[in-house]
Amino acid sequence: MASATTIAGLVVASLALATASANNIASGEARADRAASTDRVAARIVKVVGEDFKFDAPDTVPAGLTEFRFLNKGPALHHMAVLKLTDGKTIDDLRKLLANPGPPPTWVKEMGGPNAPAPGVEANATMTLEPGNYALICFVDIDGPPHFTKGMVRPLRVVPAPTSAASVKADVTLDLFDYNFKLSSPIRAGTRTIKVHNIGQQHHEIELVQLAPGVTVPDFMKWMQKMEGPPPGKALGGVAGMESGMTQYFSADFAPGNYALLCFLPDTKDGKPHFAHGMVQQITVH
């Protein structure tokens, strides 16, 4: 499980802040792309709202393919990480663990979830949920204690449900590994669904940042060092930390331009954020 400080780095870097908004796609081809991508996701939709400092979410959801849609109502930056609590553990056990942080026990499983969107922006992540106990949690600790200490952690119970044939068809596959990203093909402008597969030996995430016009990844990383002046990008979401071998999906509206793919999770060997090992990449969408 990523530390609050590390995920805060993610979220600080992801920002929520004012940059140029995505250009509207008006062509008939883009509209067709949007409709096709929307039709591909045959998952149960669960809407969650995050704000200072709580989640508005259902207490229980049925098992199966689930698309979480997370709206950050801010004004602070938030994300919705999903943890699975195994071995009969509950939210009370998790709260005790969070009060005395240390190496994550084996009963806590990082399951991904919608990564950090800017305030007012909705992010999503689609995953298969098995029956059991889960937690929704925000690790952000910008300018203060992590948000879960202020109440931004809540239980989620997944109950058995009939098996369905729901599935997701992705436009592009994004492999996460130690320490980089690999796209199966370039991402084209429009609404696209990305299959995210962690093939690395460690936990990884994908935070998607739309870079401001003329800004490059080196510019963005330089800004992160001091965070002075207007932020040079806008957080769009992605998939929060998930363990090796896991697969999730997320969709986003890609306007033409430059984007940053980043992983801020701590390395299990030296504790450094994965971007310090090279897990940051710039892509261009046409």
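Colleague: What does the secondary structure of the chain come to?
Modeller: The chain has 4 helices and 17 strands. Please note that this is a predicted model.

Colleague: What makes a run of residues count as a helix or a strand here?
Modeller: A helix needs at least four residues and a strand at least two. Helix 4 covers residues 217–226 and strand 3 covers residues 60–62, so each meets its minimum.

Colleague: How do you know how confident the predictor is, and which stretch calls for caution?
Modeller: The mean pLDDT of the chain is 86, and 85% of the residues reach 70 or more. Over residues 1–41, however, the pLDDT is below 50, although this stretch has 104 contacts in the model beyond near neighbours in sequence. Where pLDDT is low, predicted coordinates should not be read in detail.

Colleague: Why is H147 called buried or exposed?
Modeller: Buried means under 20% relative accessible area. H147 has 4% relative accessibility, and therefore H147 counts as buried.

Colleague: Where does H147 lie, and what is in contact with H147?
Modeller: H147 lies in the loop between strand 8 and strand 9. Leaving aside neighbours within four places in sequence, its contacts include F53, H78, C138 and M152.

Colleague: Which share of the chain's residues is buried?
Modeller: Of the 286 residues in the chain, 51% are buried.

Colleague: Which residues of helix 3 are buried, and what makes them lie on one side or on opposite sides?
Modeller: In helix 3, residues 91–99, the buried residues are I91, L94, L97 and L98. They cover an arc of only 115 degrees around the axis, so they lie on the same side of helix 3. K96 and A99, on the other side, are exposed.

Colleague: What covers the buried residues of helix 3?
Modeller: The cover includes strand 5 (81–85), strand 6 (108–110), strand 8 (132–137) and strand 9 (153–159).

Colleague: Which order do the strands of the 5-stranded open sheet have, and what makes strand 3 and strand 6 edge strands?
Modeller: The order is 3-9-8-5-6, with mixed pairing. Strand 3 and strand 6 each pair on one side only, and they are the edge strands. From one strand to the next, the twist averages 30 degrees. Helix 3 packs on this sheet, and its direction makes about 145 degrees with that of strand 9.

Colleague: What makes strand 3 and strand 9 a pair?
Modeller: Two strands pair if there are at least two bridges between them. Strand 3 and strand 9 are joined by 3 bridges, so they pass this test, and they run parallel. P62, for instance, has V159 in strand 9 as its bridge partner.

Colleague: Which order does the 4-stranded sheet have, and why do strand 14 and strand 17 stand at the edges?
Modeller: This open sheet has the order 14-13-16-17, with antiparallel pairing. Strand 14 (233–242) and strand 17 (280–285) each have a single partner strand, so one side of each is without a neighbour in the sheet. On average, neighbouring strands of this sheet are turned by 20 degrees against each other, direction ignored.

Colleague: How many bridges join strand 13 to strand 14?
Modeller: There are 7 bridges between strand 13, residues 204–211, and strand 14, which run antiparallel. With at least two required, they therefore count as paired. Opposite Q210 stands K234 in strand 14.

Colleague: Which strands does helix 4 lie across?
Modeller: Helix 4 lies across strand 13, strand 16 (257–262) and strand 17, and runs at about 135 degrees to strand 17.

Technical notes. Residues are numbered from 1 along each chain as its sequence is written. This is a predicted model: local features need pLDDT of at least 70, side-chain atom pairs count only at pLDDT 80 or more; totals for chains, interfaces and linings use all residues. Side-chain values use heavy atoms; hydrogens and water are left out. Buried means under 20% relative accessible area, exposed over 50%, partly exposed in between (1.4 Å probe, protein chains only). The arc is that of the directions from the helix axis to the C-beta atoms. Contact means heavy atoms within 4.5 Å. Axes are lines fitted to C-alpha atoms, for helices over the stretch in contact, and angles run from 0 to 180 degrees between N-to-C directions. pLDDT is the predictor's confidence in each residue, from 0 to 100.
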